[in-house]
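Student: Before I accept any label attached to this model, I would like to see each value set against its cut-off. May we proceed in that manner?

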Amino acid sequence: MTPMGLLRMLFALSVALTHADIKHPVNAELAVKFFFTISGFYMAMVLDGKYAASKDGVKKFYRNRLLRLLPAYYIAILIGIGVALTVGASPNNFYSGFFQGFQELGSMAKAAIVSCQALIFGQDALLFSVIKDGQLAYTPNYLAYGATLASQPHPAYIHTLDPPAWSLSIELLFYCFVPFLVRLRTRTLLVAMLATLALRLACSKIIPIEADPWSYRFFPFEISTFLAGMLGYRIYRQRGWKQYVPKSMAPFFPWLLAILILLLQKAPHALTWLPYFFIALLPAMFEASKNIVWDRKIGDFSYSVYIIHWPVIQLFTYLGFPHANYASIVVVLLLSVLLFNFVELPIDRLRQRLV
């Protein structure tokens, strides 16, 4: 048995552990790239399956995707507001002086930041921006600036309530294209993936593509990971792979992946390409776990963990008691259980009726 849902949960936890400053073997960048690859696989599958027979399948796809992402996201935003109010002007916290800092922004910067958080779209672009004299300005490296409101200039993302939501912005951009991408021939998808990889390599001469945010937050580069997942689904759909990959081998694939991650820790350039290797493992891993109900629920539950962990971790950082970072992860998991059972599951039942 190869639990795909458990793998998704481990990737979500790796991001939370990184933000809680807890050491673990999978860095957040790699985890997000794997998420994008898995998303490409699943979106290609649902559009080829339950939405394909409906004449308004694309409309239903968009509606259901928004129902999947938005409720939990807005709850995370409310939690962020609550934590920002609790922290107030106390120093040494991400939310320190959050509302006062917002008041000091210019009108255009306020409008951009509010709209990005309300619509999710554009939060990735804020990672290529700083606040200078109250207005947004471009930067190729937001890490070069102090991540506090007192720093001038300072990164624009510190005016957002749930910074990890930048990846949802990239996810939504992919959703805009995927109903059209699934109509392409497999050969065309492969050429498109190779072309975006070639673009990434070509741009390495003029921009620092191995540095954050270019390394995994720039959609024209990251669409290749989604396309890799779509190609993984095309391999799965052909079924011919089964004669070359016995089902009994599937349980060993996560271990192979784990070994590669550990071996390549000191070779970050090689880690960048690991999600593309992952497409060779996806078909067998999905086939082995697709009928495991508990595993599917854990996979769905991983979104709750990902979307609410940031404000919870910041609250425990503010409280500052011993081992607060470990306690924050426990609370993240407990709150995620509540969010999943009382918000996400009822909405999921509604989504299934609307298909």
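Tutor: In this predicted model, aspartate 348 and arginine 351 both belong to helix H14 (residues 324–354), where they stand three residues apart, about one turn of the helix.

Student: What makes aspartate 348 and arginine 351 a salt bridge?

Tutor: Their closest N and O atoms are 2.5 Å apart. The criterion asks for a side-chain nitrogen of Lys or Arg within 4 Å of a carboxyl oxygen of Asp or Glu, so aspartate 348 and arginine 351 qualify.

Student: Why is arginine 351 called buried or exposed, whichever applies?

Tutor: Arginine 351 has 7% relative accessibility, and buried means under 20%, so arginine 351 counts as buried. Its partner aspartate 348 has a relative accessible area of 23%; because partly exposed covers the range between 20% and 50%, aspartate 348 is partly exposed.

Student: How do you know that aspartate 56 and lysine 60 meet in a salt bridge?

Tutor: The N to O distance between their side chains is 3.7 Å, and the limit is 4 Å, so the pair is a salt bridge. Aspartate 56, at 31% relative accessibility, is partly exposed, whereas lysine 60, at 18%, is buried, because the boundary is set at 20%.

Student: Which parts does the pair of glutamate 222 and lysine 33 tie together, and why?

Tutor: The side chains of glutamate 222 and lysine 33 meet at 3.1 Å, N to O, which the 4 Å limit admits as a salt bridge. Because glutamate 222 lies in helix H8 (residues 219–238) and lysine 33 in helix H2 (residues 28–48), the pair ties together parts that are 189 residues apart in sequence. Both residues are buried. Moreover, Lys33, Arg200 and Glu222 are linked in a network of salt bridges.

Student: How many salt bridges does this rule give?

Tutor: The count is nine salt bridges.

Student: How many aromatic pairs does the structure hold, and why is the pair of phenylalanine 61 and tyrosine 175 called edge-to-face?

Tutor: The structure holds 34 aromatic pairs. For phenylalanine 61 and tyrosine 175, the ring centres are 5.8 Å apart and the planes stand at 80°. Pairing requires centres within 6.5 Å, and planes over 60 degrees apart count as edge-to-face, so the name applies to phenylalanine 61 and tyrosine 175. Phenylalanine 61 is in helix H3 (residues 57–87) and tyrosine 175 in helix H6 (residues 166–181), so the pair ties together parts that are 114 residues apart in sequence. Phenylalanine 61 and tyrosine 175 are both buried.

Student: What makes phenylalanine 301 and phenylalanine 340 an aromatic pair that is edge-to-face?

Tutor: Their rings lie 5.9 Å centre to centre, with 75° between the planes; the limits are within 6.5 Å and over 60 degrees, so phenylalanine 301 and phenylalanine 340 meet both conditions. The pair links distant parts of the chain, with phenylalanine 301 in helix H13 (residues 293–319) and phenylalanine 340 in helix H14, 39 residues apart. Phenylalanine 301 is buried at 13% relative accessibility, and phenylalanine 340 is buried at 7%.

Student: Which residues do ring pairs link into a cluster?

Tutor: The cluster consists of Phe36, Tyr51, Phe61, Tyr62, Trp166, Phe174, Tyr175, Tyr216 and Phe226.

Student: Why is phenylalanine 321 called partly exposed?

Tutor: Phenylalanine 321, in the loop between H13 and H14, has 35% relative accessibility. The class runs between 20% and 50%, so phenylalanine 321 counts as partly exposed. Together with Tyr318 and Leu319, Phe321 makes a nonpolar surface patch of about 260 Å².

Note on methods:
Residues are numbered from 1 along each chain as its sequence is written. This is a predicted model: local features need pLDDT of at least 70, side-chain atom pairs count only at pLDDT 80 or more; totals for chains, interfaces and linings use all residues. Side-chain values use heavy atoms; hydrogens and water are left out. Helices (H or I, at least four residues) and strands (E, at least two) are DSSP runs, numbered from the N terminus. Buried means under 20% relative accessible area, exposed over 50%, partly exposed in between (1.4 Å probe, protein chains only). Rings of Phe, Tyr and Trp (its six-membered ring) pair if their centres lie within 6.5 Å; planes under 30 degrees apart count as stacked, over 60 as edge-to-face and the rest as tilted. Patches are made of residues with over 30% relative accessible area and no salt bridge: like charges are joined within 9 Å, nonpolar side chains (Val, Leu, Ile, Met, Phe, Trp, Tyr) within 5 Å. Accessible areas come from the Shrake-Rupley method with a 1.4 Å probe; for residues, only the protein chains shown count as cover.
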